[in-house]
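Please look over the sequence and the coordinates before reading on. The paragraphs below are meant to be followed with the structure open beside them.

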Amino acid sequence: ANPAAAARPLPPVEIIDLRRHQLGPDHLLAPALAQAVADALAAGELTILFLNRRGFSTLMHCQACGAVLRCSSCDVSMTLHRGRDKLICHYCGRAAAIPPRCPACKQATLEGLGTGTERVESVVRALFPAARVARLDRDTTDGHRDQLERLLARVHERSIDILVGTQMVTKGHDFGGVTLVGVLQPDQGMHLPDFRAAERTFQLL
């Protein structure tokens with residue numbers, strides 16, 4: 001271990017209780033976190049925003065009848081990936097077109113629920129249009145080592161201001177200039193139906 005690194009104090013941690021501090025107009029970032037990102041940008045420092053779910057919306061459901069679009073092979077909810085304009089099963093990888101109407105009741109009342117890194121990236125780009133924003137998840141690297149290395153090189157070159165990502169951003173990277181890390185919706189990982197969920201969330205953090 002590096003003694004100089006080990007001797008440094010741990011960073012301060014602020015928990016934003018959304019029962020007391022409401023989310024901003026984007027329904028994603030609390031005002032305190034949005035202000036912290038703005039402050040880091042003004043200082044020329046790097047921000048990492050971590051959400052351990054990829055895609056744009058975690059499921060598509062019908063407002064009229066309540067049906068959820070599910071994978072025909074796995075019977076799990078399909079995730080909306082807006083960049084690819086597809087619904088994708090995160091278990092088997094099956095992709096399907098987004099139907100204009102609900103397959104169950106034929107109403108044009110489908111909407112996306114839940115948030116993934118693709119939506120976070122979209123919101124952050126709208127909030128901070130001058131910032132250089134990148135996303136690090138399986139969708140942006142697509143399993144290609146060279147794509148991952150190019151993105152990491154941009155971070156090391158300080159040509160990225162805000163990095164949005166899944167647990168791929170937590171895997172032992174040494175990014176210089178990082179002064180702010182925002183963890184979005186960590187409660188969802190802690191309350192997965194798995195007795196190890198809280199410990200796994202703690203290890204990621």
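What follows takes up the nonpolar cores, a loop serine, the cysteines and the salt bridges in turn.

The model is a predicted one, and the walk through it can begin with its nonpolar interior. The largest nonpolar core has 17 residues, and those that touch the most other members are L33, V37, L49, V120, V124 and I162. Two or more residues of this core come from each of the elements α2 (31-42), α3 (117-127) and β8 (162-165). To see how one member is placed, consider V37: when its neighbours within four places in sequence are left aside, V37 is in contact with T47, L49, F128, I162 and L180. Apart from this core there is a second, separate one of 13 residues, and L46, I48, L148 and V169 are among them.

From the cores one may turn to S57, which is found in the loop between β1 (46-50) and β2 (59-62). Is this serine, S57, buried or exposed? With a relative accessible area of 5%, S57 is buried, and, if residues up to four places away in sequence are not counted, S57 touches T79, L80, G112, L113 and G114.

The cysteines call for a careful reading of distances. A disulfide is a covalent bond between the sulfur atoms of two cysteines. How many disulfides does the distance rule give? The count comes to zero, because the rule asks for two cysteine sulfur atoms within 2.5 Å, and the two cysteines considered here can be compared with that cut-off. For C71, the nearest cysteine sulfur belongs to C92 and is 3.7 Å away, and C71 is in no disulfide; C71 nevertheless counts as buried, at 2% relative accessibility. For C102, the nearest cysteine sulfur is that of C65, at 3.7 Å, and C102 is likewise in no disulfide, while its relative accessibility of 1% makes C102 buried.

Charged side chains provide the last part of the picture, with ten salt bridges in the structure. One of them joins E121 to R135, with 2.7 Å between the closest N and O atoms. Which parts of the chain does the pair E121 and R135 tie together? E121 lies in helix α3 and R135 in strand β7 (residues 133-136), so the salt bridge ties together parts that are 14 residues apart in sequence. Helix α3 also gives two or more residues to the largest nonpolar core. E121 is buried, with a relative accessible area of 13%, and R135 is buried as well, with a relative accessible area of 13%. These two residues also belong to a network of salt bridges that links E121, R125, R135 and D137.

Two further pairs can be set beside this network. The side chains of D146 and R150 meet in a salt bridge, with 3.5 Å from N to O; because D146 and R150 are four residues apart in helix α5 (residues 145-156), they are separated by about one helical turn. D146 is partly exposed, with a relative accessible area of 41%. The other pair is D194 and R200, whose salt bridge has its closest N and O atoms 3.0 Å apart. Here D194 is partly exposed, at a relative accessible area of 22%, and R200 also counts as partly exposed, at 44% relative accessibility.

Definitions and conventions: Residues numbered from 1 in each chain as written. Predicted model: local features only at pLDDT ≥ 70, side-chain atom pairs only at ≥ 80, totals over all residues. Heavy atoms only, no water. Core = buried A, V, L, I, M, F, W, Y, C linked by side-chain atoms within 4.5 Å. Buried < 20%, exposed > 50% of the residue type's maximum accessible area, 1.4 Å probe, protein only. Contact = heavy atoms within 4.5 Å. Salt bridge = Lys/Arg side-chain N within 4 Å of Asp/Glu carboxyl O.
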